[in-house]
Amino acid sequence: MTTKQKILTQAKQDGVQVTALREQVLDIILQQTGVIKAYNVLSQMQQQSDGAVAPPTAYRALDFWAEQGVLHKVAAVNGYVLCSHARHDCSACCSEHGEAAHQSAFILVCTECGAVDEQTLSREWSALRAGVAAGGFALKEEHVVLTGTCKKCQQTKPKYT
């Protein structure tokens with residue numbers, strides 16, 4: 001089963017309507033890597049359309065996929081990140097972490113090339129949740145974005161001494 005088929009099957013099981021426009025946006029985001037910017041999605045939608053596509057149309061479709069758990073909306077990078085769980089079969093690797101594996105993540109973004117790596121660290125999230133709850137605070141979003149330089153960019157960057 002392809003990633004797209006898996007996502008569409010899950011949406012159908014959840015009773016969520018996937019319109020042709022939403023499916024078009026899904027196709028676009030599944031072709032991208034790194035941070036997904038709404039204006040890039042809009043540009044591709046306009047290239048594929050006979051008529052004009054308004055910016056809110058792209059944002060609404062992206063927000064829809066974020067609500068379904070396919071994307072993470074990350075204000076820190078002014079874009080979206082494809083959830084790592086969208087591309088694999090969660091039955092084996094995520095069963096030990098339960099539903100929390102799909103709701104919390106450390107998102108690492110390379111400021112050089114835009115690469116994205118999502119880390120689900122259950123023990124660390126449990127400690128974070130406990131500390132936050134002890135302070136009487138309720139989390140709205142459960143992801144932390146950390147920016148830096150990925151291994152590939154570190155290796156290709158010239159070293160000055």
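In the predicted model, Leu71 lies opposite Leu82, a residue of strand β3. Strand β3 comprises residues 79–82 and is joined to β2 by antiparallel pairing over four bridges. These two strands belong to an open sheet of three strands, arranged in the order β1-β3-β2 with antiparallel pairing. The edges of this sheet are formed by β1 (35–36) and β2 (71–74), each of which pairs on one side only.

A second region of interest is defined by annotation. The unreviewed UniProt entry assigns the feature "binding site" to four cysteines, namely Cys110, Cys113, Cys150 and Cys153. These positions are spread over 44 residues of sequence, yet they cluster in space, with a largest C-alpha distance of 8.2 Å.

Two of the annotated cysteines were examined individually. Cys113 is located in the loop that runs between β4 (105–110) and β5 (116–119). With a relative accessible area of 45%, Cys113 is classed as partly exposed. When residues up to four places away in sequence are not counted, Cys113 touches Cys150 and Cys153.

Cys153, in turn, is part of helix α8, which covers residues 151–156. The relative accessible area of Cys153 is 13%, and this residue is therefore buried, since the category requires a value under 20%. Its contacts, again leaving out residues up to four places away in sequence, are with Cys110, Glu112 and Cys113. The contact between Cys113 and Cys153 thus links a residue of the loop between β4 and β5 with a residue of helix α8, as listed for Cys153.

The clustering of the four cysteines raises the matter of covalent linkage. A disulfide is a covalent bond between the sulfur atoms of two cysteines. The structure, however, holds zero disulfides. For Cys153, which is in no disulfide, the nearest cysteine sulfur is that of Cys150, at 3.6 Å. From the side of Cys150, the closest cysteine sulfur is likewise that of Cys153, and the separation of 3.6 Å is too far for a bond because a disulfide requires sulfur atoms within 2.5 Å.

Taken together, the annotated cysteines cluster in space without any disulfide in the structure. Within this group, Cys113 is partly exposed, whereas Cys153 is buried.

Methods. Residues numbered from 1 in each chain as written. Predicted model: local features only at pLDDT ≥ 70, side-chain atom pairs only at ≥ 80, totals over all residues. Heavy atoms only, no water. UniProt positions renumbered as here; feature names shortened; annotations may be inferred. Buried < 20%, exposed > 50% of the residue type's maximum accessible area, 1.4 Å probe, protein only. Contact = heavy atoms within 4.5 Å. Pairing = 2+ DSSP bridges.
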